[in-house]
Amino acid sequence: MFKTVTKSIEWGHDTLTLETGKVARQADAAVIATYGETSVLATVVFEKKAKPGQDFFPLTVHYQEKYYAAGKIPGGFFKREARPSEKETLTSRLIDRPIRPLFVEGFKNEVQVIATVLSYDMENDPDIVGMIAASAALTLSGAPFLGPIGAARVGFVDGSYVLNPAVDDMEKLRENPEQRLDLVVAGTKGAVMMVESEAYELSEAEMLGAVKFGHEQMQPVIDLIIGLAEEAAKEPFDFQPADTSALYERAKTLGGDAMRAAFQVRDKLERQAAVKAAKEQILAGLSEEEQADAGLDAVIKKLESDVVRWDILDHGRRIDGRDLVTVRPIVAEVGVLPRTHGSSLFTRGETQAMVVSTLGTGDDEQMIDALHGTYRSNFLLHYNFPPYSVGETGRMGSPGRREIGHGKLAWRALQAVLPAATDFPYTIRVVSEITESNGSSSMASVCGGSLSMMDAGVPLKAPVAGVAMGLILEGEKYAVITDILGDEDHLGDMDFKVAGTANGITSLQMDIKVAGITPAIMEQALAQAKDGRMHILGEMGQALTSGRAEFSAHAPRIETMQIATDKIREVIGSGGKVIRGIVEESGAKVDINDDGVIKIASANAEAIEKAREMISSIVDEPEVGKVYTGKVVKIMDFGAFVNFFGKRDGLVHVSQLSSDRVSHPKDIVQEGQSVKVKLMGFDDRGKVRLSMKAVDQTTGEEVKEDA
């Protein structure tokens with residue numbers, strides 16, 4: 001029944017197997033990739049005819065994690081997989097970014113790639129396995145795809161690169177100072193196509209070395225896919241891109257000069273209007289038949305691209321008049337919003353981000369139900385890109401893939417400099433509102449996020465800045481440009497974003513629109529990015545260089561205390577009765593975790609101290625020889641019982657009530673009376689022995705024995 005083809009290699013610490021021909025046989029191609037015991041099914045289906053008038057390439061990638069893969073049932077009330085998680089959205093983008101540029105230019109047929117996690121061994125992250133499976137399926141499908149690509153994850157421990165480190169090592173990156181890198185790289189046989197990374201102040205040389213290492217290590221995977229394709233690939237789809245060279249020459253003749261003049265207008269909105277006028281001039285000169293040509297939109301875009309690209313390559317002249325390495329003018333402000341805990345307004349040219357930081361308690365941590373397990377996150381970064389930021393109307397709704405991807409990039413850049421949770425026990429939420437955009441709003445979010453957290457009093461290890469680099473590549477001729485504009489991004493060949501401190505890189509993201517770049521180009525881009533980053537850090541330093549010493553009056557104060565884990569039950573009490581009583585009486589918010597770390601939060605210092613004292617009275621043990629203030633709770637013929645330490649009572653024997661002879665305890669004390677007692681010790685049965693005569697009842701000082 002099945003014509004199964006299977007190929008395997010030993011790769012890194014496990015076996016990688018690709019299998020096709022047994023599952024999902026009605027798709028154009030389907031491959032199950034297995035690494036260790038993690039398996040991902042990737043399917044590819046593409047339409048054999050483009051829709052009439054289609055002016056863009058409709059590629060969609062869906063990566064989905066099934067909880068059964070890890071032997072789990074989804075959490076919450078709705079017990080099935082529903083809307084994509086952040087991890088699924090980010091991995092869908094991770095697969096999309098390196099494969100999209102490798103389809104033949106002019107191909108406009110709809111393509112759908114679906115990667116489904118079938119099995120997960122808790123050790124090998126399915127994102128890399130999914131990328132490999134998708135690449136193999138595309139290579140087998142017959143679609144005009146110039147692959148295959150390979151992919152690898154790279155770690156960096158004790159100065160050495162590690163291929164495909166375990167999931168646990170990457171999940172605990174912030175807690176493990178030895179593990180300084182989580183980098184995913186994808187590429188073809190000859191070049192790198194995509195990089196995504198989270199790093200802990202790596203140097204440019206270390207980061208470049210990681211990219212080279214990953215590219216070298218993925219070569220056996222590419223060879224494995226080629227071997228599978230030799231036995232199982234379908235016949236190539238017959239696609240010939242339309243010849244639009246004549247139409248291009250007509251458009252260039254009609255509006256080339258007007259288009260060049262339009263791209264020399266400095267203001268973005270005025271430039272857009274001038275470009276629109278140039279397009280209308282071209283359309284007015286074309287015949288009805290030429291205007292109806294399906295390739296006209298691509299022709300006009302190519303004309304725009306050629307004007308911008310060759311002005312840069314031939315004359316070093318960019319759209320806004322800058323040279324190749326100059327960063328746009330920067331204005332950095334902090335404390336711009338009166339009621340927030342921290343805020344900043346970061347403006348770079350025509351890109352602007354208003355970033356707000358909010359401090360919360362342990363109750364504000366985000367609970368994340370993931371395939372790997374349920375965990376909590378105390379650092380959140382949300383990125384919003386409203387349509388008014390580019391002067392347009394548009395749909396407003398839940399965040400899309402772009403918002404989630406840009407927010408995660410900024411999160412990766414900033415999390416490397418956060419203080420340890422034990423030193424700064426707050427939940428931090430950063431929100432970046434993009435109010436203007438003309439290139440690299442994600443890097444503006446990094447700069448603004450760093451400033452707003454420092455304005456909120458977060459003791460960052462160092463300020464972080466980010467810059468976006470671009471590339472124009474024509475044959476052997478190329479130009480690397482610093483701080484790209486939106487048009488330079490759309491019409492260029494590379495989007496290369498680098499964020500970091502003065503000491504090193506904390507995040508690197510690279511997307512290539514051509515068939516890869518050389519290490520020499522990447523090295524130059526990293527060097528230029530470092531110069532740009534240092535300049536931006538200097539501009540940011542005019543506003544703030546470190547976290548403020550004082551919090552906003554509206555921010556909560558949080559103090560922590562550590563108790564023994566066997567005392568947790570006593571603090572919580574039956575059904576939470578004790579901890580509720582502490583909260584009600586003190587007015588502070590109390591949060592306790594399984595490790596015995598207690599966070600006490602309130603805007604009122606007295607409330608925090610009251611809660612601390614109440615908890616201490618429950619968990620602490622009284623010290624022999626120490627003086628306590630207590631209350632007489634019961635009087636007997638032989639002495640008085642005093643509540644002196646939390647709920648702990650002790651006996652003051654009649655002989656210890658006073659230095660003078662006492663006929664009856666009632667002659668000295670009354671029930672409810674406040675007295676000072678010294679803990680003398682414990683008798684053979686563990687009962688507490690207290691003394692009043694050993695303490696001066698007026699001053700509270702101990703009375704010496706000889707007195």
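**Exercise 1. Find the loop that holds Ala24, then say what stands out about its backbone and whether Ala24 is buried, partly exposed or exposed.**

*Solution.* Start with the location: in this predicted model, Ala24 sits in the loop that links strand E2 (14–20) to strand E3 (29–35). Next, check the backbone. Phi of Ala24 comes out near 55°, which is positive even though the residue isn't a glycine. Most residues other than glycine have a negative phi. Last, look at the cover: the relative accessible area of Ala24 is 34%, so it counts as partly exposed.

**Exercise 2. Do the same for Ser440: where is it, what is its phi, and is it buried or exposed?**

*Solution.* First, place it: Ser440 belongs to the loop between strand E17 (427–436) and helix H11 (441–455). Second, read off phi, which is near 60° and again positive in a residue other than glycine. Third, take the accessibility. Ser440 has a relative accessible area of 12%, and the cut-off for buried is under 20%, so Ser440 is buried.

**Exercise 3. Which peptide bond around Pro148 is cis, and which elements flank that loop?**

*Solution.* Go to the loop between helix H2 (126–141) and strand E7 (150–157), where you'll find Pro148. Now step back to Gly147: the bond from Gly147 to Pro148 has omega near 5°, so to call it cis is just to read that angle. As a backdrop, most peptide bonds are trans.

**Exercise 4. What is the overall build of the chain, and why is it described as more spread out than a compact globule?**

*Solution.* Begin with the inventory: the protein chain has 16 helices and 29 strands. Then compare sizes. The radius of gyration is 33 Å, whereas the globule rule gives 27 Å for 707 residues; the chain is well over that value, so it is more spread out than a compact globule. For the outline, the C-alpha atoms fill a box of roughly 120 × 65 × 45 Å along the principal axes.

Now turn to the inside and the surface. Of the 707 residues, 51% count as buried. The chain exposes about 33,000 Å², and carbon and sulfur atoms supply 49% of that area. As for the contacts between residues at least 6 apart in sequence, 68% join residues at least 24 apart. Finish with charge: there are 78 positive and 104 negative side chains, and the centres of the two sets lie 4 Å apart.

**Exercise 5. Into which domains is the chain divided, and how far apart are the centres of domain 2 and domain 4?**

*Solution.* Walk along the chain: domain 1 (5–232), domain 2 (244–315), domain 3 (330–543), domain 4 (557–619) and domain 5 (626–691). Then take the centres over C-alpha atoms, and you get 68 Å between domain 2 and domain 4.

**Exercise 6. Put Tyr248 and Glu304 in their helices and list what each one touches, skipping neighbours up to four places away in sequence.**

*Solution.* Take Tyr248 first. Its home is helix H6 (residues 245–262), and at 10% relative accessible area Tyr248 is buried. Its contacts beyond the sequence neighbours are Val299, Lys302, Leu303 and Asp306. For a long-range check, go to Thr629: it is 381 residues away from Tyr248 along the chain, with 93 Å between the C-alpha atoms.

Now Glu304, which is in helix H9 (residues 296–315). With a relative accessible area of 13%, Glu304 is buried. Glu304 touches Met259, Phe263, Val275, Lys279 and Leu491. Its C-alpha atom is 9.7 Å from that of Lys252, with the two positions 52 residues apart along the chain.

**Exercise 7. Where do the glycines Gly400 and Gly587 lie, and is each one buried, partly exposed or exposed?**

*Solution.* Gly400 is in the loop between strand E16 (379–384) and helix H10 (401–415). At 23% relative accessible area, Gly400 is partly exposed. Leu471 is 71 residues from Gly400 in sequence, and their C-alpha atoms are 27 Å apart in space.

Gly587 falls in the loop between helix H15 (577–586) and strand E23 (589–592). The cut-off for exposed is over 50%, and Gly587, at 52%, counts as exposed. Leaving out neighbours within four places, Gly587 is in contact with Ile582, Ser602 and Ala607. To close, measure out to Arg250: 337 residues in sequence and 77 Å in space, C-alpha to C-alpha.

Notes:
Residues are numbered from 1 along each chain as its sequence is written. This is a predicted model: local features need pLDDT of at least 70, side-chain atom pairs count only at pLDDT 80 or more; totals for chains, interfaces and linings use all residues. Side-chain values use heavy atoms; hydrogens and water are left out. Helices (H or I, at least four residues) and strands (E, at least two) are DSSP runs, numbered from the N terminus. The radius of gyration is taken over C-alpha atoms; the globule rule is 2.2 Å times the number of residues to the power 0.38. Buried means under 20% relative accessible area, exposed over 50%, partly exposed in between (1.4 Å probe, protein chains only). Contact means heavy atoms within 4.5 Å. Accessible areas come from the Shrake-Rupley method with a 1.4 Å probe; for residues, only the protein chains shown count as cover. Lys and Arg count as positive and Asp and Glu as negative; His and the chain ends are not counted. The place of a charge is taken as NZ of Lys, CZ of Arg, CG of Asp or CD of Glu. Domain bounds come from an automatic or database domain assignment.
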